[in-house]
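Let's walk through this one together, question by question. Have the sequence and the model open beside you.

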Amino acid sequence: MPELPEVETVRRGLAPAMEGASIRKLHLARPDLRFPFPEDFAALIEGKTIISLGRRAKYLLIELEDGLTIIAHLGMSGSFRIEAAADGAGNNNAPGAFHYARSKDGKHDHVVFHLDKGEERVSVIYNDPRRFGFMHLVERNKLDLYPAFAELGPEPTGNALSADYLASRFQGKSQPLKSTLLDQKVIAGLGNIYVCEALWRAHLSPLRAAGTLVTKTGEPTPQLIDLTEKIRAVIADAIAAGGSSLRDHIQTDGTLGYFQHSFSVYDQEGQPCRTPGCGGTVERVVQAGRSTFYCAACQT
Ligand SMILES: [Zn+2]
């Protein structure tokens, strides 16, 4: 499943092709993915200009000129790719090599946005072998009411994620740090990999009670201030690296993604801890049904 940095990488890869383009034609190869496509989907968006491409948590937001927004989720195996129009009206310079493409098997090309941008014609193709992805169409001024967005916490990329905010959410909590950080109501879009990595960077045990990082008066402890910085840094680093491509996520040039080789603890069970001078070994434990990787020697 793609995590937030991958979705952000997808957004950045698609933006040059999609922003400012008009949707000449929408092709749907089937009536549904995980959910049915919006009623009259093509009729509602054809001829419209895409004004911007945004993201909330792991959802892409394709904002149209008339106040409608397409919400797109990649599910387990979804990917987009950009192709120059086959009719030769465009050129072969697809705007930006695309990331995260994994399946190019035409039988899994379920959605094609045929776009016009000035003289250029490109196709943005959504491919999804397992079809857990989906697209919804909502009015932009009602985005906050969209069920998946209604209770989402702040993004881990922006200033809204502060130590004071986390202290307010952690106060009095005996729940482990790991599961607290995975709660999408606390932080939006933070997943298993980056929670493990951030906790390792902050030298904090995933098993520790979240409330132990808050003072009696409700202030963040220095450790929580540090953890907040580490969460933001681990996400920023992953986005900068072009998103991770874990195991089956292959970039267009066929190489495995950067983070495959650079996770410090995630999926590193039995490996020596990389904290300088630590000498510990990365362990795996299961918390709330999910694997947690950490070093018991330096994460306390
Ligand atoms: Zn260690």
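Donors here are N, O and S atoms within 2.8 Å of the metal (3.2 Å for Na, K and Ca), and water is not among the atoms, so sites may look incomplete. Bear in mind that this is a predicted model: local features need pLDDT of at least 70, side-chain atom pairs count only at pLDDT 80 or more, and totals for chains, interfaces and linings use all residues. Residues are numbered from 1 along each chain as its sequence is written, and side-chain values use heavy atoms, with hydrogens and water left out.

Q: Which residues coordinate the zinc ion?
A: Along the chain, the donors follow the spacing C-x4-C-x16-C-x2-C. Each binds through its SG atom, at 2.3 Å. The residues are Cys273, Cys278, Cys295 and Cys298.

Q: What is the arrangement of the four donor atoms around the zinc ion?
A: Four donors count as tetrahedral if all angles lie between 85 and 135 degrees. Ideal angles for four tetrahedral donors are 109.5 degrees. Around this zinc ion the angles run from 102 to 115 degrees, so the arrangement is tetrahedral.

Q: Is cysteine 298 buried or exposed?
A: Buried means under 20% relative accessible area, exposed over 50%, and partly exposed in between (1.4 Å probe, protein chains only). Cysteine 278, at 23%, is partly exposed. Cysteine 298 has 15% relative accessibility, so it counts as buried.

Q: What is the order of strands in the open sheet of four strands?
A: Strands (E, at least two residues) and helices (H or I, at least four) are DSSP runs, numbered from the N terminus. Two strands pair if DSSP finds at least two bridges between them. The pairing in this sheet is antiparallel, and the order is β1-β6-β7-β5. Each edge strand pairs on one side only, and these edges are β1 (22–28) and β5 (79–84).

Q: Which residue in β6 stands opposite lysine 25?
A: β1 and β6 (residues 109–117) run antiparallel and are joined by six bridges. Facing lysine 25 from β6 is histidine 114.

Q: Which residues does alanine 202 touch, leaving out those up to four places away in sequence?
A: Alanine 202 sits in the loop between α6 (192–201) and α7 (222–240), and at 8% relative accessible area it is buried. Contact means heavy atoms within 4.5 Å. The residues touched are Asp226, Leu227 and Lys230.

How values were computed:
Tetrahedral: all angles 85-135°; square planar, octahedral: opposite > 155°, others 65-115°.
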